[in-house]
Amino acid sequence: MTPPDLSEKAIPELYGINAFSDAVMKQRLPRSIYKAIKDVQEGKAELTLEVAEVVANAMKDWAIERGATHYTHWFQPLTGLTAEKHDSFISPIGDGRVMMEFSGKELIKGEPDASSFPSGGLRATFEARGYTAWDTTSPAFLKEDSTGVTLYIPTAFVSYHGEALDKKVPLLRSMEAINRQAMRILRILGNTSSTRIITTVGAEQEYFLVDRRYADRRSDLMLTGRTVFGCLPAKGQEMEDHYFGALKERVSAFMRELNLELWKLGISAKTQHNEVAPNQFEIACIFDTSNVASDTNQLVMETLGRVALRHNLVALLHEKPFAGVNGSGKHNNWSIATDDGINLLEPGDNPRQNARFLLFLAAAIRAVDEYAPILRMSAANAGNDHRLGANEAPPAIISIFLGDQLTEVLEELADDSRKKQKDILTLLETGVAALPKLPRDLTDRNRTSPFAFTGNKFEFRMVPSSESVAGPNVVLNTAMAEILRRFADELEQSEDPQKKVSFLIAETYRRHKRIIFNGNGYSEEWVAEAVRRGLPNITATVDAIPELVSNASIELFTRHGVFRSEELHSRCEIYLERYAKQINIEGSISLEMARTEIYPAAMEYIRRLSGSISALQSVSASLDTKEHLALLTDINDETCALKSCCDKLAAALARAHGIAEYGANARACHEFVFPAMQELRVHADRLESLVPRELWPFPSYEELLFRL
Ligand code: ADP
Ligand code: MG
């Protein structure tokens, strides 16, 4: 294959050619329609069918010029994947001929048969209808593959009665919630120019690449995304020579094509590098509004998988594909900005900006402290259980890293009772609690914190690598909206808002400083210290998910119109079921591989070894066979243990299978199936280190991690 033209000149021309971007709309829509659609995007007007007709037509012409024959509404059901249903543009005109058509109605609304998507009891079986509705704020795009070109329209997915069935609807609602409350604060602080608040997200995505020839021969990898067996090779990640190391040519070629695909979609893939573990990589895109960034990250994950296959590679997005080497995560960089470009988490360079920053910072501190269990819930899945709270970072305890300087400023503000009477501007202007220039590059260097302030944004580092970023951002936005609501209530009632701001910052810090931790989040001492501070340490998904339906959660989300109570209950059910299914699949595959691949290989070795030993003994009884017999005994013991662990796992699977209630079922998977799998693995991995390579039935870690 000839390498694509990535010369400096070509890239700007290629960039975004597959996106129905703002620039394309400006160029192709009549001015009044363009203006109307911008108003809709900015929440200033409702979308009319008339406007939709014109946009649909322009979209269709643009797509057809680029070779599209079909369109699809693209949505994010709670399976964790994206879904699509393709329709062609053709429309019969009655005389045996067709024309290419795409109406405003078809753009605005779709009706996929929704009965097979999880709804957690929200949709009665007789009411299988679900609707997809165009998200005007996320650009439509074209996807090309060897079979053709299709127009993709990002949509939200709701039930007949308007309940959210996807990840996007609550995200959009949470953005609205924070917009409402943050605008109140801005007005109180005297801002009259901004008209809207947007939340911004930049996702850093980690993944592994393995050679497809090897991956194909491991049913665990292909079916669950992780290896349920595998012992560490002689060389692991201890050399730390992979991080930021030179990219191998095969990987470079893959990344080149990946970038090209993403750039064509108008996705600003910006950085890429080797990660800590062998064959682990990261890709980051430039931040965007939360819902666009969330769509973009889904596309990045999909594109990673697709492009990898073209290079005979398999991209693994699982949180923990390999035991004993680092797993993958996703860093969710998050901030709040105004429509006229003010980053509200930017410290700024004058006292007024400093005061605003400190107030929003205080709100974030309180939001994370108060809603830590829900935030933790948003990062829970079966894969992340191997990382959070296991022997890997980040820990399951939510804490905030602020850096020493910022912490000092807050200490200063909160500490001195003499300052109580002064207002925040006076304090900052007189330098009593002046904000130092924060060195951007230093603030990010604590890599062990799950929630780190990095100069002008927070970085939430718990997000599972395989999941949508929508969930965590729904929690962040709504929790923040709630604290801003309380601040705004207090400020609006206050006679001297400036003084009140200073009080709020100090008071909030005093009450919530337990969440701030600038030390090493991986250390044992921190776990003990966190317990002393009363911070929750939720290590398992089965304990985290039910936080969705805690009183605090229901109160929070219903107040801000982000979730109805039924929606929360349905999600709790869906997520626990998903967890149980995943563990069940992993357990079944472990059992199958152990019984049909590992056990026969071990028995074959036993046969050969016993044969050799008897042969030796028959040659001469005086030959020493003690060591061979010891080895044989070892292998036999391990094989017997493997066999009995298989039986145990089978019993655990049957036990979980017999429990119908979803909560109890998920718990049984966690308490019985998972440990039984781990126990089985111990013996399987020991056997792998004893049985000859040629007999071992599937590729080893060495092949998966070091051969590219
Ligand atoms: P790091 O040191 O973690 O690599 P970077 O400055 O490279 O930090 O940023 C990482 C991510 O944060 C990128 O995706 C970037 O676009 C994003 N980011 C930067 N500013 C913001 C912001 N204001 N809001 C959200 N994300 C942001
Ligand atoms: Mg980062």
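## Exercises on a predicted model

Asn312 sits in the loop that links α10 (290-310) to β13 (313-316). Keep in mind that this is a predicted model. Let's start with that loop and work outward from there.

**Exercise 1.** Find out what is unusual about the backbone of Asn312, and decide whether Asn312 is buried, exposed or partly exposed.

*Solution.* Begin with the backbone: Asn312 is not a glycine, yet its phi is positive, about 60°. Next, count neighbours: 13 other C-beta atoms lie within 10 Å of Asn312. A residue is exposed at 12 or fewer and buried at 20 or more. Asn312 is therefore partly exposed.

**Exercise 2.** Carry out the two steps for Asn279: describe its phi and classify its surroundings.

*Solution.* Locate the residue in the loop between β10 (269-274) and β11. Its phi is also positive, at about 60°, although Asn279 is not a glycine. Now count: Asn279 has 24 C-beta neighbours inside 10 Å, so it counts as buried.

**Exercise 3.** Work out how helix α13 (residues 404-415) and helix α17 (residues 497-512) are arranged, and which residues make their contact.

*Solution.* The axes of the two helices come within 8 Å and cross at roughly 105°. Angles from 65 to 115 degrees count as roughly perpendicular, so α13 is roughly perpendicular to α17. On the α13 side, the contact is made by Leu410, Leu413 and Ala414. From α17 come Ile505, Ala506, Tyr509 and Arg510. Sorting the contact residues by character gives six nonpolar, no polar and one charged.

**Exercise 4.** Describe the pairing and burial of strand β17 (residues 458-464).

*Solution.* Take one partner at a time. With β14, the pairing is antiparallel over five bridges, and Trp334 stands opposite Phe458 of β17. With β16 (residues 451-453), three bridges join the strands, again antiparallel; here Ala452 has Glu459 as its bridge partner. The hairpin of β16 and β17 has four residues between the strands, and Gly455 takes a positive phi near 100° there. Finally, check burial: seven of the seven residues of β17 are buried.

**Exercise 5.** Characterise the shell around ligand 1.

*Solution.* Start with the count: 15 residues surround ligand 1, and the closest are Thr200, Gly202, Phe287, Asn333 and Ser335. Then ask where shell residues come from: β9 (197-211), β11 (280-285) and β14 (329-338) each supply at least two. The largest share, four residues, belongs to β9. By character, the shell divides into six nonpolar, six polar and three charged residues.

Note on methods. Residues are numbered from 1 along each chain as its sequence is written. Chains are lettered from A and ligands numbered from 1 in the order in which they are written. This is a predicted model: local features need pLDDT of at least 70, side-chain atom pairs count only at pLDDT 80 or more; totals for chains, interfaces and linings use all residues. Axes are lines fitted to C-alpha atoms, for helices over the stretch in contact, and angles run from 0 to 180 degrees between N-to-C directions. Angles under 35 degrees count as roughly parallel, over 145 as roughly antiparallel, 65 to 115 as roughly perpendicular and the rest as oblique. Two residues are in contact if their C-beta atoms, placed from the backbone, lie within 7 Å. Ala, Val, Leu, Ile, Met, Phe, Trp, Tyr, Cys and Pro count as nonpolar, Asp, Glu, Lys and Arg as charged, and the others, Gly among them, as polar. A residue is near a molecule or strand if its C-beta atom, placed from the backbone, lies within 6 Å of it. Two strands pair if DSSP finds at least two bridges between them.
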